[in-house]
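These are my notebook entries on one structure, kept in the order in which I looked things up.

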Amino acid sequence: MTVAMKQITLLGATGSIGVQTLEVIKQGTTPYQVFALSAHSNVSLMLQLCQQHAVRYAVMSDEASAQRLAELIKAEALATVVLAGKQALVEIATHPEVDTVMAAIVGSSGLAPTLAAVEAGKRVLLANKEALVMTGQLFMDAAKRAKAILLPIDSEHNAVFQCLPVAHLEQLPDPRIKHIYLTASGGPFLDRPLSALASVTPEQACAHPNWQMGKKISIDSATMMNKALEIIEAYWLFSLKSDQIKVVVHPQSIVHAMVEYQDGSILAQLGYPDMRTPIAHALAWPERIASGAPLLELFNQGGRLDFLPPDPYRFPVLALARAVLNTAGTASAIFNAANEVAVAEFLRGEIKFLDIPNVIAHTLEALPAQCSDNLDAIIAADHEARRIALNFTQRAMARSVL
Ligand code: NDP
Ligand code: MG
């Protein structure tokens with residue numbers, strides 16, 4: 001029997017999620033043909049990916065990178081068409097021949113093409129949590145209207161999805177669900193005294209104990225901002241109330257999430273911390289395929305799985321996420337934008353690790369949220385939050401009081 005090939009676009013193909021998605025596709029266990037890839041500026045990796053996957057379109061963020069890639073593509077006699085810019089991202093995400101879009105651009109730059117894919121009714125594999133956090137209700141309404149299928153790639157949300165039978169997914173909010181538990185490794189500094197965190201470097205903060213990820217999400221994991229964004233992500237994806245979403249520190253990263261039902265049953269999804277598992281799950285859903293990830297050896301875990309409550313003093317952004325959910329409107333776009341600025345400034349060596357939550361808290365205080373789900377209001381809040389956050393870091397650096 002021949003299986004009809006599905007066309008997939010990968011936004012953020014050169015990143016950690018993008019490359020692992022292509023690894024799963026390359027195994028040939030899914031009927032996917034790579035229609036289009038996007039990258040920001042990594043021309044050399046993009047060329048390799050085009051060589052390996054007979055790609056129809058490759059999109060780079062700017063003209064200069066696109067020009068360089070086009071010359072290399074020509075020299076290699078490949079058929080890939082090279083495009084540049086934000087509109088081209090929207091075009092490859094919404095092209096009529098495309099069935100599935102992997103949304104794996106990092107941060108708010110992924111919003112426009114991810115939302116466009118949702119509005120076009122595609123099957124959207126959602127890694128770019130920031131797009132959903134920024135737009136919440138608007139994003140979910142668009143998915144409903146266009147009958148887009150949203151498949152979470154974030155390991156915790158993918159795990160929750162796997163613990164919810166399909167019938168439950170069709171009737172969210174589901175009164176049978178009492179709580180969900182999002183597990184958090186605690187990042188590289190879980191056991192360090194708080195006083196020692198003042199001097200940590202970006203390299204130390206990026207060295208996650210269990211997961212190999214891009215820089216931004218690695219810093220987010222160290223501050224627990226990743227879990228804060230994931231609380232908001234779960235709130236929207238699974239129609240939950242804030243107090244139904246619990247965070248549990250689980251240093252082994254073997255249990256990815258749990259769902260507690262009203263009868264007292266807790267369902268969990270387990271596996272090694274390897275993103276190829278949720279990626280393969282979403283690519284194949286509702287089928288199952290081999291992912292390339294090693295199978296879990298239960299007896300190799302030292303006989304234990306630990307679960308601890310998160311320390312609110314060490315991780316103040318968790319409480320900020322709850323406050324943001326209580327405020328609604330543009331608050332979560334402000335929260336996300338301030339964090340993006342703070343992480344970028346920390347990576348540039350401009351602020352200290354412990355300044356990151358201060359920048360976020362200051363920006364939330366300084367910019368009142370608008371009670372609006374309108375995209376223009378959200379984008380305006382994002383821009384204004386960036387201006388305030390950057391201004392705060394620069395002023396504070398000048399006075400060295402951060
Ligand atoms: P990476 O930093 O590894 O990759 C980001 C990708 O986005 C790259 O292809 C990059 O291109 C591209 N990109 C960066 N900036 C821009 C921009 N301004 N415009 C267009 N494209 C851009 O990130 P990850 O793969 O780690 O993460 C991607 C998303 O998935 C994030 O939202 C993250 O939170 C989420 N996620 C990631 C997990 C992981 O294990 N990595 C786990 C769960 C969620 P270039 O290479 O050219 O810079
Ligand atoms: Mg996650």
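**Entries on sheets, ligand shell and buried charges**

I began with Glu340 and asked which residues it touches beyond its neighbours within four places in sequence. The list I obtained is Gly107, Ser108, Glu130, Lys216 and Arg386. I note here that the model is a predicted one.

**Entry 1. Glu340**

I located Glu340 in helix 14, which spans residues 331-347. Is Glu340 buried or exposed? I read a relative accessible area of 14% for Glu340; this is under the 20% limit, so I entered the residue as buried.

I then looked up the polar partners of the Glu340 side chain. With the side chain of Arg386, the side chain of Glu340 makes a polar contact at 3.0 Å. A polar atom of the Glu340 side chain also lies 2.9 Å from the backbone nitrogen of Ser108. Both Ser108 and Arg386 appear in the contact list of Glu340.

**Entry 2. Lys216**

Lys216 was in that contact list too, and I followed it next. I found Lys216 in helix 10, residues 215-223. Its relative accessibility is 12%, so I counted Lys216 as buried against the 20% limit.

Which side chains does the side chain of Lys216 meet in polar contacts? I recorded Glu130, at 2.8 Å, and Asp220, also at 2.8 Å. Leaving out residues up to four places away in sequence, I listed Val106, Glu130, Leu229, Asn336, Asn339, Glu340 and Val343 as touching Lys216. Glu130 thus stands in the contact list of Lys216 as well as in that of Glu340.

**Entry 3. Ligand 1**

Glu130 led me to the ligand, for Glu130 is among the closest residues to ligand 1. How many residues surround ligand 1? I noted 24, the closest being Thr14, Ser41, Asn42, Glu130 and Gly214. Helix 1 (16-26) and helix 6 (129-146) each supply at least two residues of this shell.

I looked up individual polar distances. An oxygen atom of ligand 1 lies 2.9 Å from a polar backbone atom of Ser16, and an oxygen atom of the ligand is 3.2 Å from a polar backbone atom of Gly15. For Ser61, the distance runs from a nitrogen atom of ligand 1 to an N or O atom of the side chain, and it is 3.5 Å. I also recorded the area: ligand 1 taken alone exposes 910 Å², of which the protein buries 85%.

**Entry 4. The sheet of 7 strands**

I turned to the strands. An open sheet of 7 strands has the order 4-3-2-1-5-6-7, and its pairing is parallel. Strand 4 (81-84) and strand 7 (149-152) are the edge strands, each pairing on one side only. From one strand to the next, the twist averages 20°.

Within this sheet I examined strand 2, residues 32-39. I found 7 of its 8 residues buried, and so describe the strand as mostly covered. Strand 1 (residues 6-11) runs parallel to strand 2 and is joined to it by 5 bridges; Thr9 has Ala36 in strand 2 as its bridge partner. Strand 2 also pairs with strand 3 (residues 57-60), in the parallel sense and over 4 bridges. There I noted Leu37 opposite Ala58 of strand 3.

What lies across strand 6 (123-126)? I identified helix 5 (residues 111-119), which runs at about 145° to strand 6 and also lies across strand 1, strand 5 (100-103) and strand 7.

**Entry 5. The sheet of 4 strands**

I then took up a mixed open sheet of 4 strands, in the order 9-8-10-11. Why do strand 9 (245-249) and strand 11 (266-270) each have one side without a neighbour in the sheet? They stand at the edges, and each has a single partner strand, so one side of each is left free of a neighbour there. The twist in this sheet averages 20° from strand to strand.

Strand 10 (residues 255-261) pairs with strand 11 in the antiparallel sense over 5 bridges, and Val255 stands opposite Leu270. The two strands form a hairpin with 4 residues between them, and I noted a positive phi of about 95° for Gly264 in the turn.

Two helices completed the entry. Helix 7 (residues 155-163) lies across strand 8 (177-184), strand 10 and strand 11, at about 40° to strand 10. Helix 11 (residues 225-237) lies across strand 8 and strand 9, at about 150° to strand 8.

Technical notes:
Residues are numbered from 1 along each chain as its sequence is written. Chains are lettered from A and ligands numbered from 1 in the order in which they are written. This is a predicted model: local features need pLDDT of at least 70, side-chain atom pairs count only at pLDDT 80 or more; totals for chains, interfaces and linings use all residues. Side-chain values use heavy atoms; hydrogens and water are left out. Buried means under 20% relative accessible area, exposed over 50%, partly exposed in between (1.4 Å probe, protein chains only). A polar contact is a pair of N or O atoms within 3.5 Å; within protein, one must be able to donate a hydrogen and the other to accept it, and residues adjacent in sequence count only if both atoms are side-chain atoms. Contact means heavy atoms within 4.5 Å. Two strands pair if DSSP finds at least two bridges between them. Axes are lines fitted to C-alpha atoms, for helices over the stretch in contact, and angles run from 0 to 180 degrees between N-to-C directions. A residue is near a molecule or strand if one of its heavy atoms lies within 4 Å of it. Accessible areas come from the Shrake-Rupley method with a 1.4 Å probe; for residues, only the protein chains shown count as cover.
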